[in-house]
Amino acid sequence: MFKQKTSDNSNTGSIKEPNNSMQLAQAAHQRYLLHSSSEDLTTAINYYIEALKNNPDTSSAYFRLASLLHDNGQIGIESAVEQCRKAVEIDSNNPNAHMYLGYFLSLKGEFEEAKEQFKIAIDLNPLKSSRTRLVLAMTLLEKAKISRKSVAEFTSALYYIFSGSLLFFFDKASVKMFFKNVLDDISFIKYRAFGEILEKTNQDKNAYTLYADALDKTKNKSVFYERMAQIAKRKKRFDVALECYQSSVALCASNPMRIVSAIEFIEEYYPEKTDELIDLYTVLTNQNPNISRCYYELGHLYLKKEDKISAVNAFKLALKLETENPFYLNALAFAYVQLEQYDSAIELYQKALSLNPDNEWSAVVAQALAAIYHQIKGNSDAAISMLQNALLLTKEKSQIYQAIADIYYDTEDLDKAIEYYNYSLDGDCNNPKAYSRLAMAYWEKDYIEKAIIYYSKAIDLDPEYDIAYNNLGVIFLDGLGDSKRALTYFENAIDINPNYVLAHFNIGRAFEAMGQKIDAAKKYQTAINLNKINPEIDSQMIEDMLYKLFEA
């Protein structure tokens with residue numbers, strides 16, 4: 001990954017450059033460990049890469065670079081392990097290479113091989129194995145949580161903690177870093193304690209200033225940025241809070257809690273920042289590839305961007321980790337619907353329904369499956385059967401009755417449609433769409449008076465219901481021959497929706513019925529023009545009506 005060919009060069013400057021790059025990288029690396037500065041992190045990464053360009057056989061550059069890139073969320077555990085193996089391959093006697101390899105293997109869950117690498121590192125340099133022993137102890141404790149031999153693992157962990165502590169003072173690098181960290185910790189504790197006191201005494205402005213001052217004088221800057229973000233949030237300065245959360249993540253991208261805090265804030269206050277949320281969730285999945293919920297959330301974000309392929313892939317990764325999760329099955333099914341892969345969607349919806357985590361939820365899934373059976377597969381019987389099952393699962397039956405009625409209407413079983421529209425209205429008597437559809441069914445059966453009553457009811461409930469106005473106008477025009485009253489309803493529809501092509505066309509028909517050919521021609525032309533932008537009806541039909549006006 002990092003290895004690059006370099007040409008031979010015999011001048012002195014080129015010989016020294018790799019060493020200089022490594023020294024500069026290690027210095028920046030140490031500063032980063034002390035202060036968590038993103039600038040130091042970037043500097044260290046760049047110098048390690050430069051060192052490898054000049055000398056691809058620099059073992060320590062591989063594992064140190066892998067550590068930083070993983071901390072920064074730029075590579076996953078697999079790539080980090082690969083780079084550490086490369087370091088061990090170059091210099092099998094480097095105890096740090098084995099220690100880092102063991103560390104990343106433990107993150108990957110390969111505890112036995114990790115333990116083997118830690119023991120090799122200890123054997124290579126027993127006196128300076130303090131850090132390795134302590135990391136090995138943490139690995140054993142982690143393994144103890146999932147192992148049946150938890151007592152044995154726990155005992156071994158205690159041994160390595162004890163021996164690592166005893167050998168601590170033999171490791172000069174660790175001692176040096178320890179005392180530097182102690183001084184930084186004291187400064188950090190002081191600023192945080194004073195800041196919390198100020199916050200508790202409602203001196204948010206002074207606390208914010210104190211935290212801002214701490215950014216230049218302590219490590220753990222991300223902590224102070226998050227505290228500043230919380231103050232800004234309380235003061236409703238959401239733009240400032242966003243900048244603070246972004247800075248916190250930039251400084252400490254390896255800390256999942258920092259990323260989660262930023263995600264929660266952005267989802268609440270800036271949900272439109274889809275790309276930023278995708279980036280944050282991607283960092284989380286790189287660091288913790290076994291958290292299925294992250295892939296699930298990523299899938300929804302990709303759907304929001306209409307990136308359907310990426311959404312499907314994200315939901316698949318979530319399902320790979322939790323194969324029986326009904327919510328993940330439902331999400332992937334929905335994504336397949338967007339890709340028009342209906343057979344795959346049906347299979348997943350059926351599996352989600354069989355798991356039935358909640359009756360009300362399952363009723364909603366059943367409606368989605370019924371829509372595919374009816375609208376895509378043309379299987380109205382299967383759709384109605386699915387909706388009948390949904391009725392057994394939910395207390396909120398009105399929408400399901402309406403969906404059943406719609407299917408009966410589409411299949412021209414108007415009596416059944418009317419029956420189920422009435423069932424729907426029994427459960428929700430304030431549903432203007434149900435009244436409008438019931439009116440339409442009565443109109444199809446030539447029950448004009450009932451159609452007028454129910455369209456009027458729909459308009460009473462929703463005075464902005466343009467479709468109901470238009471359809472009521474059609475009844476007066478075509479059913480009762482009352483062109484003037486029809487014209488009033490069509491004009492009401494236009495007032496609500498000026499781009500309503502069908503309403504303009506019907507106004508033209510009303511004018512034509514009243515013998516006002518010029519006005520009719522203007523409306524037909526308006527309908528033709530609007531229909532080009534937003535097609536609603538056959539343009540040829542409108543043109544035929546227009547030309548017919550002036551036939552001899």
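**View 1. The buried residues of helix 10 in this predicted model.** In helix 10, the buried residues are Asp204, Ala207, Leu210, Tyr211 and Ala214. They cover an arc of only 120 degrees around the axis, which puts them on the same side of helix 10. The spacing of such residues along a helix follows from a general rule: an α-helix has 3.6 residues a turn, so residues three or four places apart point the same way. Helix 10 spans residues 204–214, and between it and helix 9 (172–200) runs a loop that contains asparagine 202.

**View 2. Two loop residues with a positive phi, asparagine 202 and glutamate 306.** Most residues other than glycine have a negative phi. Asparagine 202, in the loop between helix 9 and helix 10, is not a glycine and yet has a positive phi of about 60 degrees. Its relative accessibility is 70%, and because exposed means over 50%, asparagine 202 counts as exposed. Glutamate 306, which is found in the loop between helix 15 (292–304) and helix 16, likewise has a positive phi of about 60 degrees although it is not a glycine. With a relative accessibility of 65%, glutamate 306 counts as exposed.

**View 3. Helix 4 and its two sides.** Helix 4 covers residues 77–90, and at 1.5 Å a residue its 14 residues should span 20 Å; the C-alpha atoms at its ends are 20 Å apart, which agrees with that expectation. The buried residues in helix 4 are Ile77, Ala80, Val81, Gln83, Cys84, Ala87 and Val88. They cover an arc of only 165 degrees around the axis, which puts them on the same side of helix 4. On the other side of helix 4, Glu78 and Glu89 are exposed. Which helices do the buried residues of helix 4 pack against? They pack against helix 3, helix 5 (95–108) and helix 14 (274–287).

**View 4. Helix 3, a helix largely enclosed by the rest of the structure.** Twelve of the 13 residues of helix 3 are buried, so this helix is largely enclosed by the rest of the structure. The buried residues are Ser59, Ser60, Ala61, Tyr62, Phe63, Arg64, Leu65, Ala66, Ser67, Leu68, Leu69 and His70. Helix 3 runs over residues 59–71 and, at 1.5 Å a residue, should span 18 Å, while its end C-alpha atoms are 19 Å apart, which agrees. After helix 3 comes glycine 73, whose phi is positive, near 75 degrees.

**View 5. Two buried cysteines, cysteine 84 and cysteine 294.** Cysteine 84, one of the buried residues of helix 4, has a relative accessibility of 0% and therefore counts as buried. Cysteine 294 is also buried, with a relative accessible area of 6%. How many disulfides does the structure hold? The structure holds zero disulfides.

**View 6. Asparagine 325 and asparagine 330, in a loop and in a helix.** Asparagine 325 is found in the loop between helix 16 (308–321) and helix 17 (326–338). Its relative accessibility is 12%, and because buried means under 20%, asparagine 325 counts as buried. A polar atom of the side chain of asparagine 325 lies 2.9 Å from the backbone nitrogen of phenylalanine 327. Asparagine 330 lies in helix 17, and its C-alpha atom is separated by 7.3 Å from that of valine 365, although these two residues are 35 residues apart along the chain. Leaving aside neighbours within four places in sequence, asparagine 330 is in contact with Tyr349, Ala352, Trp361 and Val365.

**View 7. Phenylalanine 315 and the largest nonpolar core.** The largest nonpolar core has 128 residues, and those with the most contacts inside it are Phe315 and Leu472. Helix 19 (residues 359–376) gives the most to this core, contributing eight residues. Apart from its neighbours within four places in sequence, phenylalanine 315 is in contact with Tyr295, Tyr296, Gly299, His300, Leu303, Ala331, Leu332 and Ala335. A second, separate core has 38 residues, among them Met22, Met99, Tyr100 and Leu140.

**View 8. The chain as a whole.** The secondary structure of the chain comes to 29 helices and zero strands, and 46% of its 552 residues count as buried. Among contacts in the chain between residues at least 6 apart in sequence, 50% join residues at least 24 apart.

Technical notes:
Residues are numbered from 1 along each chain as its sequence is written. This is a predicted model: local features need pLDDT of at least 70, side-chain atom pairs count only at pLDDT 80 or more; totals for chains, interfaces and linings use all residues. Side-chain values use heavy atoms; hydrogens and water are left out. A nonpolar core is a set of buried Ala, Val, Leu, Ile, Met, Phe, Trp, Tyr and Cys residues joined through side-chain atoms within 4.5 Å. Buried means under 20% relative accessible area, exposed over 50%, partly exposed in between (1.4 Å probe, protein chains only). Helices (H or I, at least four residues) and strands (E, at least two) are DSSP runs, numbered from the N terminus. Contact means heavy atoms within 4.5 Å. The expected span of a helix is 1.5 Å times one less than its number of residues. A polar contact is a pair of N or O atoms within 3.5 Å; within protein, one must be able to donate a hydrogen and the other to accept it, and residues adjacent in sequence count only if both atoms are side-chain atoms. A disulfide is a pair of cysteine sulfur atoms within 2.5 Å. The arc is that of the directions from the helix axis to the C-beta atoms.
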